[in-house]
Amino acid sequence: LHTAYRRQRQMCIRDRFKGGFVDQFLHQWFSEYNKGEGVVKSSLSAQTQSHWRALLDDAKLGKLSDWQKTPPGRMSLILLMGPVAHLLADSEVNELNRRARDLCIQGVDLGFDTQLDLVQRRCFYDPLFYSSVNKDRDLLLRLLEGMESQVDMPEKTVWSTWYAQASSLNS
């Protein structure tokens, strides 16, 4: 049994670097997120919560640092260290949120956000939505303003809601 577990763990580690876990995590996240209510812990299965906890623990240990090299991978780290850490009531949530913010800002500097679709970009910017730093909120508004010309109906309504939310943060 122990050998079988170790073999399965090694396969998981290999898959993680091939993007398998990134894709799996993002599929799980957006399956929940796209229901219109965001992601709510009570709607997550015990298996999903366990999977996300394992990924978060690996992220905290730096085992997923290769993920930050791609736009979907970086977005996954932002989600793990931001909303997932909050959902799972991680004891290091404040430090993880700071790390998610840093990943977001560095990703924007690299242009990673522009390689994502509309809803993914909103998730990428999540740390800026929840930041108490005025400079972050100003950056968020500029990013959302830049997205406006790229958004067509019916997504324009969703974008308008995000922009109104971000604008109210600066009030």
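This passage describes the salt bridges and the nonpolar core of a predicted model.

The salt bridges make a convenient starting point. Across the whole structure, a search returns 10 of them. Two examples sit within single helices. In the first, arginine 53 pairs with aspartate 57, and their closest N and O atoms lie 3.5 Å apart. Both residues belong to helix α3, which spans residues 46-60, and because they are four residues apart there, about one helical turn separates them. Neither partner needs to be sought far inside the fold: aspartate 57 is partly exposed, at 30% relative accessible area, and arginine 53 is also partly exposed, at 24%. This pair does not stand alone, since Arg53 and Asp57 are linked with Lys60, Asp90 and Glu92 in a network of salt bridges.

Helix α5 (residues 93-110) offers the second example, with arginine 98 and aspartate 102 placed four residues apart, about one turn of the helix. Here the closest N and O atoms of the salt bridge come to 2.6 Å. Arginine 98 is partly exposed, with a relative accessible area of 39%, and aspartate 102 is partly exposed as well, with a value of 24%.

A further salt bridge involving helix α5 joins arginine 101 to aspartate 136, with 2.5 Å between the closest N and O atoms. This pair links distant parts of the chain, as arginine 101 lies in helix α5 and aspartate 136 in helix α8 (residues 134-148), 35 residues apart. The setting of the acidic partner is worth a look: aspartate 136 has a relative accessible area of 1% and is therefore buried, the cut-off for that class being under 20%.

Attention now turns to the nonpolar interior. In soluble globular proteins, nonpolar side chains tend to be buried together. In this model, the largest nonpolar core comprises 49 residues, and those with the most contacts inside it are Phe25, Trp29, Trp52, Phe124 and Tyr125. Two or more residues come from each of α2 (20-33), α3, α4 (71-87), α5, α6 (118-124), α7 (126-129), α8 and α9 (155-169). The most generous contributor is α4, which gives nine residues to this core.

Tryptophan 52 gives a close-up of these surroundings. Leaving aside residues up to four places away in sequence, tryptophan 52 touches Phe25, Gln28, Trp29, Val39, Leu44, Leu80, Val84, Leu87 and Leu88. Among these neighbours, Phe25 and Trp29 are themselves listed with tryptophan 52 as residues with the most contacts inside the core.

Definitions and conventions:
Residues are numbered from 1 along each chain as its sequence is written. This is a predicted model: local features need pLDDT of at least 70, side-chain atom pairs count only at pLDDT 80 or more; totals for chains, interfaces and linings use all residues. Side-chain values use heavy atoms; hydrogens and water are left out. A salt bridge is a side-chain nitrogen of Lys or Arg within 4 Å of a carboxyl oxygen of Asp or Glu. Buried means under 20% relative accessible area, exposed over 50%, partly exposed in between (1.4 Å probe, protein chains only). A nonpolar core is a set of buried Ala, Val, Leu, Ile, Met, Phe, Trp, Tyr and Cys residues joined through side-chain atoms within 4.5 Å. Contact means heavy atoms within 4.5 Å.
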